[in-house]
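Let's take a walk through this structure, one piece at a time. Keep the viewer open and follow along.

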Amino acid sequence: INMENRSSVKEFVLVGLSDNQGVQKICFVTFLLFYMIIVAGNLLIVTTIIISQCLNSPMYFFLSYLSFVDICYSSVTVPKMIADFLVENKTISFVGCMAQLFGVHFFGCTEIFILTVMAYDRYTAICRPLHYTTLMTRRTCSRMVVGSWVGGFVHSMVQTLLTSRLPFCGPNKVDHYFCDVHPLLQLACTNTYAVGIVVVANSGMIALGCFFILVVSYVVILVSLKSQTSEGRHKALSTCGSHITVVVLFFGPCTFTYIRPSSDLSKDKSMAVFYTVVTPMLNPLIYTLRNEEVKSAMRKLWRRKVGSE
């Protein structure tokens with residue numbers, strides 16, 4: 001597909017988070033540190049789960065993919081944003097912009113589906129423990145992960161094709177720090193009402209629908225805990241507490257951004273920082289600080305590494 005066939009705009013200018021030079025320098029240091037934590041923290045989780053023999057349950061299988069997606073998701077937007085803090089001319093080519101749009105929605109939607117799958121895993125483990133091993137086989141888990149990737153790809157293709165086919169012939173300043181559908185729709189030289197409705201129906205309903213499924217699953221889990229022993233209740237609450245924290249941090253801003261036609265892009269930028277930077281950075285901390293098995297596996301691997309040296 002020739003994405004530039006209806007557009008006279010060959011590149012876009014990203015406005016970024018701020019045009020204040022002092023603020024940009026502070027943001028450069030802050031977001032560089034955040035990105036290093038995102039990559040290092042999530043890589044540590046992926047490596048620990050792959051190497052450690054005791055972390056072989058479906059929950060950790062999904063968690064390793066969640067951490068991998070977090071690295072990819074942030075890498076689509078954050079390095080470009082960090083680099084732009086140091087330059088005056090924050091340009092991105094038309095093709096680069098569409099590629100970034102595709103990446104954001106591909107990895108973002110895949111993360112939504114993986115978080116939903118993880119909630120189903122916790123529901124099955126806590127509410128149907130006798131059937132857990134037969135329901136959550138390795139093949140089933142693999143199919144769920146593949147389904148998450150395929151779902152993310154289909155969603156992203158719809159968003160990217162709809163946006164790339166719009167004519168861009170006038171202003172090229174994108175009021176955001178990365179290329180997203182809402183700020184691009186405002187630059188198109190045509191009526192984008194219908195496309196905007198499709199975007200809300202596509203992105204918004206996926207986010208809201210999955211969020212609703214997650215809330216219902218956790219309510220069912222919490223209700224079922226009444227029949228558990230105090231030890232089982234504590235362990236289940238600890239695990240679910242981590243998941244609920246991630247879900248609220250990710251789905252809240254994401255749903256707010258995509259469930260409505262955007263009128264205030266400055267709010268969208270602030271919200272986007274949460275689901276592209278803050279949540280991927282906090283995921284490793286949330287899942288390790290509240291999980292004794294992961295911490296124990298990390299300590300064992302560390303002692304083995306020190307011992308070998």
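Is Phe153 buried, partly exposed or exposed? Keep in mind that this is a predicted model, so every value here is computed from predicted coordinates. Phe153 comes out as partly exposed, because its relative accessible area is 41%, and that lies between the 20% and 50% limits of the class. You'll find Phe153 in helix 5, which spans residues 138-164.

Phe153 has company out there. Together with Val146, Val150, Val154, Val158 and Val198, Phe153 forms a nonpolar patch on the surface. The six residues share about 470 Å² of accessible area. Which helix gives the largest share of the patch? That's helix 5, with five residues.

While we're looking at partly exposed side chains, jump over to Val219, which sits in helix 7 (residues 193-224). Val219 counts as partly exposed because its relative accessibility is 45%. Try placing a distance marker from there to Ala188: the two are 31 residues apart in sequence, and their C-alpha atoms lie 43 Å apart in space.

Now for the sheet. Three strands make an open sheet in the order 2-1-3, with mixed pairing. The edges are strand 2 (91-93) and strand 3 (173-174), and each of them pairs on one side only. Strand 1 (residues 11-14) runs antiparallel to strand 2, and three bridges join them. With strand 3, strand 1 pairs in the parallel sense over two bridges.

Val13 is a handy place to see both pairings. Opposite Val13 in strand 2 stands Thr91, and opposite Val13 in strand 3 stands Lys173. What packs on this sheet? Helix 3 (residues 94-127) does, touching strand 1 and strand 2. The direction of helix 3 makes about 85° with that of strand 2.

Next up, the charged pairs. How many salt bridges does a search of the whole structure find? It finds three, and we can go through them in turn.

Start with Asp84 and Lys80, whose side chains meet at 3.2 Å, N to O. Both belong to helix 2 (residues 58-84), and because they are four residues apart there, about one helical turn separates them. The two partners differ in how they are covered: Asp84 is buried, since its relative accessible area is 5%, whereas Lys80 is partly exposed at 24%.

The second pair is Asp121 with Arg122, and their side chains meet in a salt bridge of 3.0 Å, N to O. Here both residues are buried.

The third salt bridge joins Asp175 and Lys269, with the closest N and O atoms 3.0 Å apart. This pair links distant parts of the chain, the two residues being 94 residues apart. Asp175 lies in the loop between strand 3 and helix 6 (181-185), while Lys269 belongs to helix 9 (residues 265-289). Is Lys269 buried or exposed? Lys269 is buried, because its relative accessible area is 7%, and the cut-off for buried is under 20%. Its partner Asp175 counts as partly exposed, because its relative accessibility is 29%.

Technical notes
Residues are numbered from 1 along each chain as its sequence is written. This is a predicted model: local features need pLDDT of at least 70, side-chain atom pairs count only at pLDDT 80 or more; totals for chains, interfaces and linings use all residues. Side-chain values use heavy atoms; hydrogens and water are left out. Patches are made of residues with over 30% relative accessible area and no salt bridge: like charges are joined within 9 Å, nonpolar side chains (Val, Leu, Ile, Met, Phe, Trp, Tyr) within 5 Å. Accessible areas come from the Shrake-Rupley method with a 1.4 Å probe; for residues, only the protein chains shown count as cover. A salt bridge is a side-chain nitrogen of Lys or Arg within 4 Å of a carboxyl oxygen of Asp or Glu. Buried means under 20% relative accessible area, exposed over 50%, partly exposed in between (1.4 Å probe, protein chains only). Two strands pair if DSSP finds at least two bridges between them. Contact means heavy atoms within 4.5 Å. Axes are lines fitted to C-alpha atoms, for helices over the stretch in contact, and angles run from 0 to 180 degrees between N-to-C directions.
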